[in-house]
Number of protein chains: 2
Amino acid sequence: MNILMTLDSNYIKPLKVMLKSLFLNNQEESFAIYVMHSSLDTQELEDLRQFIDNHGSQLNVIYVDDDCFEDAPTLLHYTKAMYYRLLAFKFLPQELDRILYLDPDILVINSIRELYNTDIEGYLYAASYHDKIALKEVNKVRLNVYDIDAYYNSGVLLMNLPLQRQLIDEKVIYDFVDKNRSKLIMPDQDVINVLYSKQIKSLDEKLYNYDVRFYSYYKIMNGGVCDMDYIFENTVILHFCGKKKPWNKQYSGKFHSLYKQYEKFALNDRMKSALLGTR
Amino acid sequence: MNILMTLDSNYIKPLKVMLKSLFLNNQEESFAIYVMHSSLDTQELEDLRQFIDNHGSQLNVIYVDDDCFEDAPTLLHYTKAMYYRLLAFKFLPQELDRILYLDPDILVINSIRELYNTDIEGYLYAASYHDKIALKEVNKVRLNVYDIDAYYNSGVLLMNLPLQRQLIDEKVIYDFVDKNRSKLIMPDQDVINVLYSKQIKSLDEKLYNYDVRFYSYYKIMNGGVCDMDYIFENTVILHFCGKKKPWNKQYSGKFHSLYKQYEKFALNDRMKSALLGTR
């Protein structure tokens, strides 16, 4: 399975935690992990490669020179890295037919096979939207578009690469960004939602993009079904959305202790052996 | 290291979760696990033995016939199992010099080596008390004793077996229970506190018997130091004290998601491979 991540030095630690959770709960799989970056040094990359190797998967580094986006408009507070996931298809090997993009602020707590194998024929992406009416309406008004059905979260994004190569035109993206500079808050997510909303296959957020801030909301909206038992049985991806991140000191939340445990699993070199069964 | 547990069929599942956490965070160790029981069937014992074998440790079953305690007074709502941990020293091999008793409602999240090797010369036990003044005073009044310094929790109990063989007399225990029938709420814990309080070495509850109901209390009482980072770095034993247990549906708490993760690690047979490093 192909996994895509974009990265700078600040996110190496959360990224390892995310990967650890992916490896730990998908032990039958082997992954080809593509990392797009413009600033990691040799030591950081070597460390990451070792970490990934140790878990039986493979790192593929895609160094992105800023020249690659020389025609792209930039926005205040955003580097050109905002284009990485939008235009990843241009940098990935031609033979790849799909890849799963994952944000670093997530935990994978079950098998991703079903997600990865989702039928996306005719769609550019598969993604989840967070089904809070308020959120959709706010974003409709903000972006001044009235024909989006949902505001998708781009933190978990299954990509149909052959179709993207056919249909996505970087100039259209640049043009959109240029004309909407003042409106864009989460530029890449905004672009996907405004330009490609109709070509996104919708995934169940409870399973594939569970926003950890809303435990009670999910539980109530699903008639009490979506409790902690349900989550560990069914949910594949927990997403630590929002400004407060679980690797920061002041964090607090339902999944705080879980995150800290994975952080420890990921970063504790003293643990050398097996999780389960024969050692 | 020697580990002691007492068990009936209702607690096999939590016990496996506890053991899983012990094994997972003490991978360099091998354990001799002593289980005292009077009601498990062959299949249950075989299953438990397999589970423990798979993790490189060894199960020793101590079947306790009720005849063993024929002189012991019984209390309403309590079986003779209340005497197991008090009199375990009589059932354990003579050559054992120490053993760590653990309740099933705990998670072990760090190495127990330091705890296990605590100097207990001259003490019958090492244990923690939960340092809430109210708790101590309530128990003093209830038990009608005024010379106990603390009310120790007997869920984590390091035992000095040679000294217990010398000093603990079952008749004294039976006599105490018989005379205090109406006052005893947690009989084995009460006995230890009233009869042996002076011979208990006090352990830091933050490290060795962290009551998960009081996250904010620990944090405030320790000047903010005892936060989630501190816990995963330092705390060895999380104790799910109280009536609400994390394996029940209605549970909710700071360590709920963590518990559910260990439960899944323990009970998910599909997970066949390694936690960390080479597979």
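Author: In this predicted model, a residue is called buried under 20% relative accessible area, exposed over 50%, and partly exposed in between.

Reader: What makes A:G242 count as partly exposed?

Author: The relative accessibility of A:G242 is 29%, and since partly exposed covers what lies between the limits of 20% and 50%, A:G242 counts as partly exposed. This residue lies in the loop between β10 (237-239) and α12 (256-267) of chain A.

Reader: Why does A:N153 count as buried?

Author: A:N153, which is found in strand β7 (residues 152-160) of chain A, has a relative accessibility of 10%; buried means under 20%, and therefore A:N153 counts as buried. Leaving aside its neighbours within four places in sequence, A:N153 is in contact with several residues, among them A:Y129, A:H130 and A:H239.

Reader: How do you know that the side chain of A:N153 makes a polar contact with the backbone nitrogen of A:G155?

Author: The side chain of A:N153 reaches that nitrogen of A:G155 at 2.7 Å, and a polar contact asks for a pair of N or O atoms within 3.5 Å, one able to donate a hydrogen and the other to accept it.

Reader: Let us turn to chain B. What makes the link between B:E29 and B:R113 a salt bridge?

Author: The closest N and O atoms of B:E29 and B:R113 are 2.7 Å apart, and because a salt bridge needs a side-chain nitrogen of Lys or Arg within 4 Å of a carboxyl oxygen of Asp or Glu, the pair is given that name. The pair links distant parts of the chain, with B:E29 in the loop between α1 (12-24) and β2 of chain B and B:R113 in helix α4 (residues 113-116) of chain B, 84 residues apart.

Reader: Is B:E29 buried or exposed, and what is B:R113 called?

Author: B:E29 counts as buried because its relative accessibility is 10%, whereas B:R113, with a relative accessible area of 39%, is partly exposed.

Reader: How do you know that B:D103 and B:R85 form a salt bridge?

Author: Their closest N and O atoms are 3.5 Å apart, which is within the 4 Å that the term requires. B:D103 lies in the loop between β4 (98-102) and β5 (106-108) of chain B and B:R85 in helix α3 (residues 84-87) of chain B, so the pair ties together parts that are 18 residues apart in sequence. B:D103 is buried, and so is B:R85.

Notes: Residues numbered from 1 in each chain as written. Chains lettered and ligands numbered in written order. Predicted model: local features only at pLDDT ≥ 70, side-chain atom pairs only at ≥ 80, totals over all residues. Heavy atoms only, no water. Helix = DSSP H or I, 4+ residues; strand = E, 2+ residues; numbered from the N terminus. Buried < 20%, exposed > 50% of the residue type's maximum accessible area, 1.4 Å probe, protein only. Contact = heavy atoms within 4.5 Å.
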